[in-house]
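Reader: I am a first-year student, and I would like a close look at one part of this structure. Please show me how the helices and strands in that part are arranged.

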Amino acid sequence: MTSYGGGYTRTTYGAAGGDDSGGFFGGSQSGSQAAKPVNDESLRPVTVKQIIDAEQAFGSDGPFRIDGVDVTQVTFVGQVRQISPQTTNITYRLDDGTGIVEVKQWLDPDKQDDSSRAAFEAEQYVRVWGRLKSFGNKRHVGAHVIKPVADFNEVNYHLLEATYVHLFFTRGGMSAAGAGGDGNAAEDDSMFVENNDGAFLRSASVPAKKVYQYLNQAKCNEGTNIHIIARDTGVSVQDVAAGCNELLNYGKIYTTLDDETFNILDGF
């Protein structure tokens with residue numbers, strides 16, 4: 001994975017072919033778009049929820065923004081839920097666990113082979129490269145390339161990569177000074193952010209500290225309900241809920257069985 005200082009243009013796991021944006025975007029456009037900033041055509045790994053929540057200025061003609069950054073080309077991984085063949089395109093409804101979005105793949109009228117019209121099946125995992133579009137107040141992705149996912153690790157890898165990029169733009173990159181080591185850590189494309197538990201605990205509220213320390217010691221795969229945490233720590237349920245919300249916002253814990261059951265997020 002490349003550096004995300006503004007050139008988030010390449011995904012490395014099973015993503016060959018994404019950089020050239022597919023068959024409909026080649027050298028013929030390079031002249032007219034040469035003056036655009038690099039970010040205008042950068043490829044951003046995202047989740048479906050980020051696509052749905054993306055802000056768009058100036059109605060349906062304005063640029064999309066995710067985490068305060070203009071985004072045009074995206075890549076994501078999802079499971080095919082529905083296929084709707086049309087005369088000019090095939091519309092897929094893809095689900096990545098965070099939401100469902102339509103992906104339109106336009107057909108080449110000069111190619112009438114059936115294989116291009118039935119390339120994927122329902123419940124199959126695929127990776128999409130394309131552009132965010134809006135038509136009639138409805139979001140969709142205009143696909144340049146859709147490829148099957150052959151290794152399920154690609155699904156997990158993509159979610160980690162999308163999380164990494166989101167954290168980069170919302171919290172800033174990890175500096176070489178803060179990373180330690182020989183000073184070359186800024187060039188390290190690690191998928192994980194710096195372990196800063198000590199700094200977090202110094203600034204966290206008392207309930208958040210108690211909840212974090214409790215969950216860190218519990219190490220329960222299914223997580224722990226807030227009522228059990230309150231009982232064992234002697235903290236009120238309201239304060240435990242507030243502490244959990246604080247930890248969620250910092251990316252330290254996550255929900256498991258329901259919205260009141262939490263587990264600690266390892267590796268952060």
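Author: What follows is a walk through the part built around helix H7 and the elements packed with it.

This is a predicted model: local features need pLDDT of at least 70, side-chain atom pairs count only at pLDDT 80 or more, and totals for chains, interfaces and linings use all residues. Residues are numbered from 1 along each chain as its sequence is written, and side-chain values use heavy atoms, with hydrogens and water left out.

Start with confidence. pLDDT is the predictor's confidence in each residue, from 0 to 100. The protein chain averages 76. Of its residues, 69% score at least 70. Among the elements, strand E5 (residues 73-85) has the highest mean, 94. Helix H3 (residues 176-179) has the lowest, 44. Residues 176-195 have a pLDDT below 50. That stretch has 25 contacts in the model beyond near neighbours in sequence. A contact means heavy atoms within 4.5 Å.

Now the elements. Helices (H or I, at least four residues) and strands (E, at least two) are DSSP runs, numbered from the N terminus. Two packed helices are described by the angle between their axes and the distance between the axes. The axes are lines fitted to C-alpha atoms, for helices over the stretch in contact, and angles run from 0 to 180 degrees between N-to-C directions.

Take helix H5 (residues 206-218) and H7 first. Their axes come within 8 Å and cross at roughly 80°. That makes H5 roughly perpendicular to H7, a label for angles from 65 to 115 degrees. H5 brings Pro 207, Ala 208, Val 211 and Tyr 212. H7 answers with Asp 239, Val 240, Gly 243, Cys 244, Glu 246 and Leu 247. By class, this contact has seven nonpolar, one polar and two charged residues. Here Ala, Val, Leu, Ile, Met, Phe, Trp, Tyr, Cys and Pro count as nonpolar, Asp, Glu, Lys and Arg as charged, and the others, Gly among them, as polar.

Next comes helix H6 (residues 226-233). H6 and H7 pack at about 115°, with their axes 9 Å apart. Their crossing is right-handed. A crossing gets that name if the near helix is turned clockwise from the far one by less than a right angle, and left-handed if anticlockwise. From H6, Ile 226, His 227, Ile 229, Ala 230 and Thr 233 take part. They meet Val 237, Val 240, Ala 241 and Cys 244 in H7. This contact has seven nonpolar, two polar and no charged residues.

H5 and H6 also pack together. Their angle is about 100°, and their axes are 11 Å apart. That makes H5 roughly perpendicular to H6. Val 211, Tyr 214 and Leu 215 in H5 meet Ile 228, Ile 229, Asp 232 and Thr 233 in H6. The residues divide into five nonpolar, one polar and one charged.

Last, the sheet. Three strands form an open sheet in the order E10-E12-E11, with antiparallel pairing. Strands pair if DSSP finds at least two bridges between them. The edge strands are E10 (224-225) and E11 (253-255), and each pairs on one side only. E10 and E12 (residues 261-264) pair over two bridges. Asn 225 stands opposite Thr 261 in E12. H7 (residues 237-249) lies across E11 and E12, running at about 110° to E11. H7 thus links both pictures: it packs with H5, and it lies across two strands of the sheet.

Conventions: Angles under 35 degrees count as roughly parallel, over 145 as roughly antiparallel, 65 to 115 as roughly perpendicular and the rest as oblique.
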